[in-house]
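Please open the structure in your viewer and keep the sequence beside it. The tour begins with the whole chain and then proceeds to selected places.

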Amino acid sequence: MTTAATSSVGLACAGGVVEGAIYEVGALCALDEAIDGLSLHELDTYVGVSSGALISSLLANGVPARTLSQAIVSEVDEDPRLNVKPEVMFSPALREYAQRLLRFPGALWRTLRYFATHPTDLSVVGLLSTFGSVVPTGLFENEPLHHFLAQALTPPERTNDFRELRTKLRIVTMHLDSSEIAVFGEPGRDHVPISKAVQASTALPGLYCPVEIDGEYYIDGVARRTVHASVALDEGADLLFCINPIVPVNIQLKEHANRLLNEHGLVDHGLPAVLSQTFRAIVDSRKTTGFKKYAHTHPDADLVLIEPEYDDTRMFFSNIFSFRNRHEVCEHAYQATRRYLRNQAPALQKKLQRHGLRLRLDVLTDTRRTLFSEPVSRSTAQSVMHETNQVLDRLDLVLEQLRMQQPAS
C-alpha cells in the first residue's frame, strides 16, 4: 500500500462530533502533503471511532484527504455523493420519541402505585427515576448518516463491504449491554455494512440513540477509549499516525494572561465550559495512559500523535456541533498541524526515515500555502509577525538539518 517497502503504516482517528471530524480533515491534509512517500488514502490499516470512523471509512475507500476537505464544505463537484449536509448529522429522533411516549401510561400507573404504597418516599428524584423508561435515549438519530455513507460507498468506485476493501478497516464501538469493545471489520463482524458500523460508532450517548445490529445495541466507542490505537498496533502497524481533536485547554499559560486579567477562568463561561473541560480532561487522561502502555506492549512501533495544543482556545471555545465555521476550523487545523510538523521536524524526520518516509521541508516552510483558496484574513501587524515567525522556523530547520549532516566527532 505505502511506498515504505517493509513497514506497515496505519492511521487511527478519534472522535469529536462535527468539529472533531473537520479538525481531523484539516490535519490529514497537512500530513498528506508534508510527508514524501505517504498517501493517506493508500495505507495498510485504518482505525476509526466516533466521527473518526466516518473519516477512516472514506480514506480506506481511496478518497483523498483533499477531497474530504471539499466534502465537508459541500464543494465536491465531481462526486456530489460525498458532500456532507447538516441534516445528515442532526435529524430529530421522532420514532424514538413516539416509542417512549407510548410507555407513558404504564410508567404513570407504576408511579402512582409505588407512591400509594410508599407515601413517605415522595421526592422529585424518585419521581424522575420511576419515569426513566419514558425518557428518549437520544435527541437525534443518525440513520441518515448510514444512508449517506451507503450512497457514498456505492460500487464500483468504492465498497460498503469490509471484506472487499484492499486494506484493513476497523470501526470501534461499545456493546451497550456488556460495555465491551466491539470492533467491526474484524473476522466475525465484517459482514456488517461499513455504513452501519459507522452509524453505531458515532452514536454518542445522549446525543444519538443506540444502534441495533444483529439484535444487539451499540454506542460510540469513545465511551471506553479515545484513539483505540492498540487496534491498529495489534493488526501489525509499524508506523501509526493518530489524530485526536479533543484535548483540555490550559488558559493559565502565558499567552492568555492579558485576556484573563478581568476573568476568573473557565467558570466565567458557565456550565458548558466546565462540562467540556471535564470531559476533555477525562479523555486526555485515558489517551495519555494508553500511549504510555503502548511503549511497553508494542516497543518496536512508532506513533505520531497529532492533536491541538493545550493553549488552543480557538478549538476549545468553538461549537463542536456547528457546521457554520467549518472553513475556519479546517484551515485552523491545517495550519496548526503544519506548525507542529515544523517545530518537531528533527525528531519526526528520524522516526519517518525508519519507514522509508521523509518530511518535505520545502512544503512546510512555504508560507503561501492554505487549505482553501481564500486565505485566512490577517491585519498588517499580524501578517508581519506571521511572516517573521515563518522565517525563524525555516532558519531553525536549516540549522538543525546542517547539524544532523555533520559527522560525529
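Begin with the entire chain in a cartoon display: the protein chain holds 16 helices and 13 strands. Please keep in mind that this is a predicted model. Of the 409 residues in the protein chain, 50% count as buried. Among contacts between residues at least 6 apart in sequence, 76% join residues at least 24 apart.

Next, switch to a surface display. The protein chain exposes about 20,300 Å², and carbon and sulfur atoms supply 56% of that area.

Now select Leu101, Phe104, Leu108 and Leu112. These residues form a nonpolar patch on the surface, and together they have about 380 Å² of accessible area. Which helix gives the most to the nonpolar patch? Select residues 104-117: this is helix 6, which contributes three residues.

Remain on helix 6 and select Leu112, which is found there. Is Leu112 buried or exposed? Its relative accessible area is 52%, so Leu112 is exposed, given that exposed means over 50%.

Finally, move to Glu186, in the loop between strand 7 (181-184) and helix 9 (194-201). Glu186 has a relative accessible area of 28% and is therefore partly exposed, since that class lies between the 20% limit for buried and the 50% limit for exposed. Add Arg170 and Glu235 to the selection: leaving aside neighbours within four places in sequence, Glu186 is in contact with these residues. Then select Arg163, which is 23 residues from Glu186 in sequence. A C-alpha to C-alpha distance drawn between Glu186 and Arg163 should read 9.4 Å.

Terms used: Residues numbered from 1 in each chain as written. Predicted model: local features only at pLDDT ≥ 70, side-chain atom pairs only at ≥ 80, totals over all residues. Heavy atoms only, no water. Patch = residues over 30% accessible without salt bridge, like charges linked within 9 Å, V, L, I, M, F, W, Y side chains within 5 Å. Areas by Shrake-Rupley, 256 points an atom, 1.4 Å probe, with all protein chains shown as cover. Salt bridge = Lys/Arg side-chain N within 4 Å of Asp/Glu carboxyl O. Helix = DSSP H or I, 4+ residues; strand = E, 2+ residues; numbered from the N terminus. Buried < 20%, exposed > 50% of the residue type's maximum accessible area, 1.4 Å probe, protein only. Contact = heavy atoms within 4.5 Å.
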